[in-house]
Amino acid sequence: MADQTEIVIHPVSPQGGRKVTVHALGVDADLGRAFTPGDVAESLRRAGLEDVDLSEDGPISWQGGGPEVWASDKI
């Protein structure tokens, strides 16, 4: 069975930003912390995942709020 790529944007951390992780080809990768949707797009691009739909309807699992949530007071 083919391995499916899973992209997760974690909840806003107390330090700020959201952790970005990817699971692909049996490997988990921490792509760092994003502070804006643009940061998410750039992290994914650097990981070889270009043109990913960042909306809540796309392939990303947004935990703790969607792409509009970047501060803990908006949760």
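In this predicted model, a good place to start is Ile60, which touches Ile7, Ile9, Val40, Leu44, Val52, Asp53 and Leu54 when residues up to four places away in sequence are left aside. One of these partners, Ile7, lies 53 residues away along the chain, yet the C-alpha atoms of Ile60 and Ile7 are separated by 5.0 Å. Ile60 belongs to strand β4, which covers residues 60-62. With a relative accessibility of 6%, Ile60 counts as buried, because the cut-off for that class is under 20%.

Stepping back from this residue, the protein chain holds one helix and four strands. Read from the N terminus, the order of these elements is β-β-β-α-β.

The overall dimensions come next. The C-alpha trace of the protein chain spans about 40 × 25 × 20 Å along its principal axes. The radius of gyration is 12 Å, which agrees with the value near 11 Å that a compact globule of 75 residues would have. Among contacts between residues at least 6 apart in sequence, 31% join residues at least 24 apart.

Turning to burial and surface, 29% of the 75 residues of the protein chain count as buried. The chain exposes about 4,800 Å², and carbon and sulfur atoms supply 50% of that area. As for charge, the protein chain carries 6 positive and 13 negative charges, and the mean positions of these two groups are 8 Å apart.

Technical notes
Residues numbered from 1 in each chain as written. Predicted model: local features only at pLDDT ≥ 70, side-chain atom pairs only at ≥ 80, totals over all residues. Heavy atoms only, no water. Helix = DSSP H or I, 4+ residues; strand = E, 2+ residues; numbered from the N terminus. Rg over C-alpha atoms; globule rule 2.2 N^0.38 Å. Buried < 20%, exposed > 50% of the residue type's maximum accessible area, 1.4 Å probe, protein only. Contact = heavy atoms within 4.5 Å. Areas by Shrake-Rupley, 256 points an atom, 1.4 Å probe, with all protein chains shown as cover. Lys, Arg positive; Asp, Glu negative; His and termini not counted. Charge placed at Lys NZ, Arg CZ, Asp CG, Glu CD.
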